[in-house]
Every structure is written in structure tokens, then in C-alpha cells.
Amino acid sequence: MVTRRYGRNLRGMTFWLWNNVAPGVMISAILLLILAAGGETYLRVSTPFTDTVWPGGFDSRTGFIFKPGAEVATTNNFDYWTRQRANSVGFLDREPVPPEQRAGGCHLIFIGDSFVEAHQVTVDRKAQVVFERLARERLPALMLTAAAYGQSDTGQINQLPIYDHFARREKPKIVVLVVVKNDFSDNSVVLQAINHGRDPDHMPRLFARRTKDGGFELQPIDPNWSKYVLTPQTGKPPAYASNVNAWLKRQSLVYRWVEQAFWRITLFFERKLYGQASVAGGQNPIAEYAQILAQRPQYAYV
């Protein structure tokens, strides 16, 4: 008796779900598919490109530069898609003008990090070009020309070789060092090692280090720096998750857009809650890099 009643109730519930819930679920699913298909079509038509092409090179005298003459394509797949070509010395600027071709004028050079490199905009919109144009409009007698040597993720110590090997040969009358707040950490060999998982004793850029007597000395660029990188074991997503995520981003621009939006929102709230050093998605190996270095007596304070 109980079994029959249970069977009737189960059939009744199934019938009710099929007639009252299933239609709404199917209509919602169809609308989502239509919306996704429309978004995919729109993004494929309107998006110039989806993948960043960063043709980096390494100069043992200065550290990282772009491969001279290579096309650089950068995007966050959200609000900028920029293609430009590195000049003959590996920077995102116009070709350097020999000093003899601008005799009598005032040549100014900007040196800085990503704020000067400005890979998000084309050369005609970069600070040095805009500054030169404004100076020629307002002070034509000055005959001002401008150039820039910007390299992401560098501090002023890292930029010394850039001046010595590239900017100095232009014989500028004015050199502007562009300083921003993150340069304090960019100038620290220990903080940069922790941020990027590199060995502070073998760095790909020029740094300063303490001597035994408490002073400072320049630490030369190590051309073999890549042999000494730190290797954390935790904080990495499972391989299958990374593979699925990469496959979905290759197949769907809508998925890529949603992932970018989710990452930005998550990063915003994590930084509000935990500070600027936080990384979205829980993938933050900085603490483990610090622990690796803390095992060395000279870096135990980290």
C-alpha cells in the first residue's frame, strides 16, 4: 500500500516538474545559448586579435628588451588591442635620431618602467611624442625633440645600463627619470626575486646589494640567470584545470571575456581585503618564494 502510494506520488511529482519546471529551464537554456551565440558572433567580428605577442629578447648588457624590429601585439581582451613594432634597439618608440641630424635643438629623453613603455597605446600616443608635439606648438624656437626608453618592471638601478648603452649615445640635454610608487620594490633585488621566483644572487637585471661592511655595491647582470630560478610546488592549479581553461579560451571569445571580467572583479575585492600583493584565484607563490629564500642565512630576514 505504501509502495503504491509512494509510486503515485513520485509519478505525480515527475509529471508536475515536467509540466511546470522543465519548460522554464529549457526556455532559459535556449535564451542563454542564443545570447552566447550572439555574443560570440559579435566578439569574433569586432575583436582585432586575442593573444598577446611579446617578442622578448635578452641583452646581457641591459637585461630584457624587445627583439629589435619585431611586432608587439598586446591586449587585455577588455579595453585595448595594440599592435606596434619595436625600434632597432628594442624599445617601443620611434627610431633614434643621430645627434648630428638635430643640431641646435633640445633633445629630451624619458627613462622609466611600464608607464614610459606604455605598450597599451601606439607610438603616436605615447608621452614622449605628445610632449614633443606640444613643445613644438608652444615653444617652436626650442626645437625640442623627445625619445623614450621604457621597460616594464624596472626600477632606477635597473635602468642605469639602459642609459649607459642606449640613451647616452643620443647626447640628450635633458634626461627625465619617471618614478612611480612601485619603483621602491622594483629597485630591491630581494623583493624582485620573490615577486618573480628568481634567485637574488643571479638576476637578469642590474641591482645593488649589501656588502659585508654594510655598504652597497652593484650586482652585475647574470646572463645565466634562468638556470637558477626558484621552483615552488604549491599554489599551482591542477594540470587538467589549466588545460581545460586554455582550451575554452581558444575556442570561445565569450568565455575569454567572462573569465577576464571575473578575474578583474576577484582581483579588485582581494586587493581591497588583502592588499596589493594578492593574486586572484588563490595562485600566489610569493609566500613560498619567501620561504625558499629564508632558508639561506643571508636572506633569513625575509
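1. A quick definition to start: a salt bridge here is a side-chain nitrogen of Lys or Arg within 4 Å of a carboxyl oxygen of Asp or Glu. Counted that way, there are 12 salt bridges. Keep in mind as you read that this is a predicted model.

2. Take Arg-256 and Asp-51, a salt bridge whose closest N and O atoms are 3.5 Å apart. This pair ties together distant parts of the chain, with the two positions 205 residues apart: Arg-256 belongs to helix α9 (residues 253-274), and Asp-51 sits in the loop between α2 and β1 (56-59). Is Arg-256 buried or exposed? Arg-256 counts as buried because its relative accessibility is 10%, and the cut-off for buried is under 20%. Its partner Asp-51, at 47%, counts as partly exposed.

3. The next pair is Arg-83 with Glu-71, whose side chains meet at 3.2 Å, N to O. Here the bridge joins two strands, with Arg-83 in β4 (residues 81-85) and Glu-71 in β3 (residues 71-75), 12 residues apart. Both ends have some access to the surface: Arg-83 is partly exposed with a relative accessible area of 44%, and Glu-71 is partly exposed at 36%.

4. There is also a network to look at: Asp-93, Arg-94, Glu-132 and Arg-136 are linked by salt bridges. You could pick these four residues out together in the viewer.

5. Now for helix α5, residues 156-167. How many ångströms does helix α5 span between its end C-alpha atoms? The span is only 14 Å, whereas a straight helix of 12 residues would cover 16 Å at 1.5 Å a residue. The buried residues in α5 are Gln-156, Asn-158, Gln-159, Pro-161, Ile-162, Phe-166 and Ala-167. They pack against a mix of strands and helices: β1, β5 (106-112), β6 (144-150), β7 (174-177), α6 (183-186) and β8 (207-210).

6. Asp-164, whose number falls within α5 (residues 156-167), has a salt bridge to Arg-168, at 3.1 Å from N to O. Asp-164 is partly exposed, with a relative accessible area of 41%. Arg-168 also counts as partly exposed, at 46% relative accessibility.

7. On to the inside. Which residues make up the largest nonpolar core? There are 11 of them: Val-189, Val-190, Ala-193, Ile-194, Met-203, Phe-207, Leu-230, Tyr-289, Ala-290, Leu-293 and Tyr-299. Two elements, α7 (189-196) and α10 (286-294), each give two or more residues to this core. The largest share, four residues, is from α7.

8. Tyr-299 deserves its own look. Setting aside neighbours within four places in sequence, Tyr-299 touches Val-190, Pro-200, Asp-201, Leu-293 and Ala-294. Apart from that core there is a second, separate one of 10 residues, which includes Val-89, Ile-111, Phe-166 and Ala-167. Phe-166 and Ala-167 are also among the buried residues of α5.

9. Last, the outside. Trp-18, Met-26, Ile-27, Ile-30, Leu-31 and Ile-34 form a nonpolar patch on the surface, with about 670 Å² of accessible area together. Which helix gives the largest share of the patch? That would be α2 (residues 22-46), with five residues. Met-26 lies in this helix and, at 43% relative accessibility, counts as partly exposed.

Definitions and conventions
Residues numbered from 1 in each chain as written. Predicted model: local features only at pLDDT ≥ 70, side-chain atom pairs only at ≥ 80, totals over all residues. Heavy atoms only, no water. Patch = residues over 30% accessible without salt bridge, like charges linked within 9 Å, V, L, I, M, F, W, Y side chains within 5 Å. Areas by Shrake-Rupley, 256 points an atom, 1.4 Å probe, with all protein chains shown as cover. Buried < 20%, exposed > 50% of the residue type's maximum accessible area, 1.4 Å probe, protein only. Core = buried A, V, L, I, M, F, W, Y, C linked by side-chain atoms within 4.5 Å. Contact = heavy atoms within 4.5 Å. Expected span 1.5 Å × (residues − 1).
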